[in-house]
Amino acid sequence: MKSEARGATRVADRVVAKIAMQGAREALRASSPAHPWGPAAGSTTPTARVKVSVRRPGENGFGQAQVRVSVDLDYPTQVGIQCAEVRRRVMERVESLAGMTILQVAVRVERLRGPQSSGKERAQ
């Protein structure tokens, strides 16, 4: 006689989005290059926006997620390296904390903020 699993664990979409947001911010902080002339004037906390699409159930029973991350980066920077790190960290965080299979993490650079940017432009 087979033992069947009872109940199910469901992680809310907003929780998955918060986990992805934290992963993206961690990645941006960790991969920000150290410039010989120091950080950009008025440098702020890394900016990221996240949208999540969750499908249930996945092969692991927790679901599958597609994540879209929009980031603002300080210029000059190595865009490809920072985007790859965001993608890796978001996948790692969501898979380990929410137990979901990640189908895709799409990273979009919305804005490059140069050293001459005013604090007001950086806050937007």
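This tour moves through the structure one selection at a time.

**Before selecting anything**

The model is predicted: local features rest on residues with pLDDT of at least 70, side-chain atom pairs count only at pLDDT 80 or more, and totals for chains, interfaces and linings use all residues. Residues are numbered from 1 along each chain as its sequence is written, and side-chain values use heavy atoms, with hydrogens and water left out.

**The whole chain**

Colour the protein by pLDDT, the predictor's confidence in each residue, from 0 to 100. The average is 81, and 72% of the residues score at least 70. Helices (DSSP runs of H or I, at least four residues) and strands (DSSP runs of E, at least two) are numbered from the N terminus. The protein has 3 helices and 3 strands, which follow the order α-β-β-α-β-α from the N terminus on. Of the 124 residues, 36% are buried, where buried means under 20% relative accessible area, exposed over 50%, and partly exposed in between (1.4 Å probe, protein chains only).

**Confidence at its extremes**

Select residues 79–98, helix α2, whose mean pLDDT of 96 is the highest among the elements. Then select residues 119–123, helix α3, where the mean is the lowest, at 52. Residues 35–41 also deserve caution: pLDDT stays under 50 there, and the model has 8 contacts beyond four places in sequence for this stretch. A contact means heavy atoms within 4.5 Å.

**The sheet**

Next, display the strands alone. They form an open sheet of 3 strands in the order β1-β2-β3, with mixed pairing. Because β1 (47–55) and β3 (101–113) stand at the edges, each with a single partner strand, one side of each has no neighbour in the sheet. From one strand to the next, the twist averages 15°. Two strands are counted as paired if DSSP finds at least two bridges between them.

Select β2 (residues 64–74), which runs antiparallel to β1 and is joined to β1 by 9 bridges. On the other pairing, β2 and β3 are parallel over 11 bridges. Residue A65 is a useful landmark: V54 stands opposite A65 in β2, and A65 in turn stands opposite I102 in β3. Further pairs to label are R55 with its bridge partner Q64 in β2, and D72 with R111 in β3. Since 8 of the 11 residues of β2 are buried, this strand is largely enclosed by the rest of the structure.

**The helices across the sheet**

Add helix α1 (residues 13–31), which lies across β1 and β2 and runs at about 140° to β1. Helix α2 lies across β2 and β3, at about 145° to β3. Axes are lines fitted to C-alpha atoms, for helices over the stretch in contact, and angles run from 0 to 180 degrees between N-to-C directions.

Now show β2, α2 and β3 together: they make a right-handed β-α-β unit. Right-handed here means that, with the strands pointing away from the viewer, the path from the first strand over the helix to the second runs clockwise.

**A last stop in the loop**

Finally, select P76, in the loop between β2 and α2. The peptide bond from Y75 to P76 is cis, with omega near 0°.
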